[in-house]
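This briefing sets out the sheet, the helices and the aromatic contacts of the structure shown below. Points are grouped by topic.

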Amino acid sequence: MRQIHHLKIYTDGSARGNPGPGGYGVVLIWGEVKKEISAGYRLTTNNRMELLAVIAALSSLTKKNIPVTIYTDSQYIVNTVEKKWLDNWIRTDFKGGKKNKDLWLQFHALAKHFKLRFVWVKGHADNAMNNRCDELATTAADGKHLLVDAWYEKENS
């Protein structure tokens, strides 16, 4: 009988200066298999990178409707999803200056395909996977070939 694995995803985002150069890091764990993803952007915010880490992780998945637990040190993400704030933000078209509409809508479209649960972990502490994600994110933010967060730059130019 084949064992059904539970996918674990660790994510972190970083921005130097906030706003400033930023990056995200992701570690996906499926049984014994581990995969890392990261990217850096020339001008962005910490919250955008935290959220983009989750989007990048979910976008990389080929299996749908599987149980996924996402571990993040971002209370912004955990609270927005687990406390159902996002549902209200979408219903009111992000009224009241809610930020990162573009990314939240991307996340919302992706999230429909998975059984997601978010777990908050203390950042910069003793969680080895969160620390690895932080290392991936900051290394990406400090990289030479940074991507453009076009939506953020357009909205803030």
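A residue is called buried when its relative accessible area is under 20%. By that criterion, helix H1 is mostly covered, with 11 of its 14 residues buried. The model is a predicted one. Its five strands form an open sheet of mixed pairing, and seven aromatic pairs are present.

**Sheet architecture**

- The strand order in the open sheet is E3-E2-E1-E4-E5.
- Strands E3 and E5 occupy the edges with a single partner strand each, so one side of each has no neighbour in the sheet.
- From one strand to the next, the twist averages 20°.
- Helix H5 (residues 128-141) packs on the sheet and touches E1, E2 and E3; the direction of H5 makes about 145° with that of E2.

**Strand E2 and its two hairpins**

- Strand E2 (residues 20-30) is largely enclosed by the rest of the structure, because nine of its 11 residues are buried.
- E2 runs antiparallel to strand E1 (residues 7-15), and eight bridges join the two.
- Among the facing residues of E1 and E2, Ala15 stands opposite Gly22, and Ile9 has Leu28 as its bridge partner.
- Four residues separate E1 and E2 in their hairpin, where Gly17 in the turn has a positive phi of about 100°.
- E2 also pairs with strand E3 (residues 33-44) in the antiparallel sense, over 10 bridges.
- Gly22 of E2 stands opposite Tyr41 in E3.
- The hairpin of E2 and E3 has two residues between the strands, and Gly31 there adopts a positive phi near 65°.

**Helices H1 and H4**

- Helix H1 spans residues 46-59. The distance from its first C-alpha to its last is 20 Å, close to the 20 Å expected at 1.5 Å a residue.
- The buried residues of H1 include Arg48 and Glu50 as well as Met49, Leu51, Leu52 and Val54.
- In helix H4 (residues 101-111), the buried residues are Asp102, Leu103, Trp104, Phe107, Leu110 and Ala111.
- These buried H4 residues pack against H1, helix H2 (75-82), H3, strand E5 (115-120) and helix H6 (150-155).

**Aromatic contacts**

- The structure holds seven aromatic pairs. One of them, Tyr10 with Tyr71, is stacked, at 4.6 Å centre to centre and 15° between the planes.
- Tyr10 belongs to strand E1 and Tyr71 to strand E4 (residues 67-72), so this pair ties together parts that are 61 residues apart in sequence.
- Both partners are buried: Tyr10 has a relative accessible area of 11%, and Tyr71 has one of 15%.
- Trp85 and Trp89 form a tilted pair, with 6.5 Å centre to centre and 35° between the planes.
- Trp85 and Trp89 lie four residues apart in helix H3 (residues 85-91), and are therefore separated by about one helical turn.
- Trp85 counts as partly exposed at 37% relative accessibility, whereas Trp89 counts as buried at 10%.
- One aromatic cluster comprises Tyr76, Trp85, Trp89, Phe94, Trp104, Phe107 and Phe118. Of its members, Trp104 and Phe107 are among the buried residues of H4.

Terms used: Residues are numbered from 1 along each chain as its sequence is written. This is a predicted model: local features need pLDDT of at least 70, side-chain atom pairs count only at pLDDT 80 or more; totals for chains, interfaces and linings use all residues. Side-chain values use heavy atoms; hydrogens and water are left out. Buried means under 20% relative accessible area, exposed over 50%, partly exposed in between (1.4 Å probe, protein chains only). Two strands pair if DSSP finds at least two bridges between them. Rings of Phe, Tyr and Trp (its six-membered ring) pair if their centres lie within 6.5 Å; planes under 30 degrees apart count as stacked, over 60 as edge-to-face and the rest as tilted. The expected span of a helix is 1.5 Å times one less than its number of residues. Contact means heavy atoms within 4.5 Å. Axes are lines fitted to C-alpha atoms, for helices over the stretch in contact, and angles run from 0 to 180 degrees between N-to-C directions.
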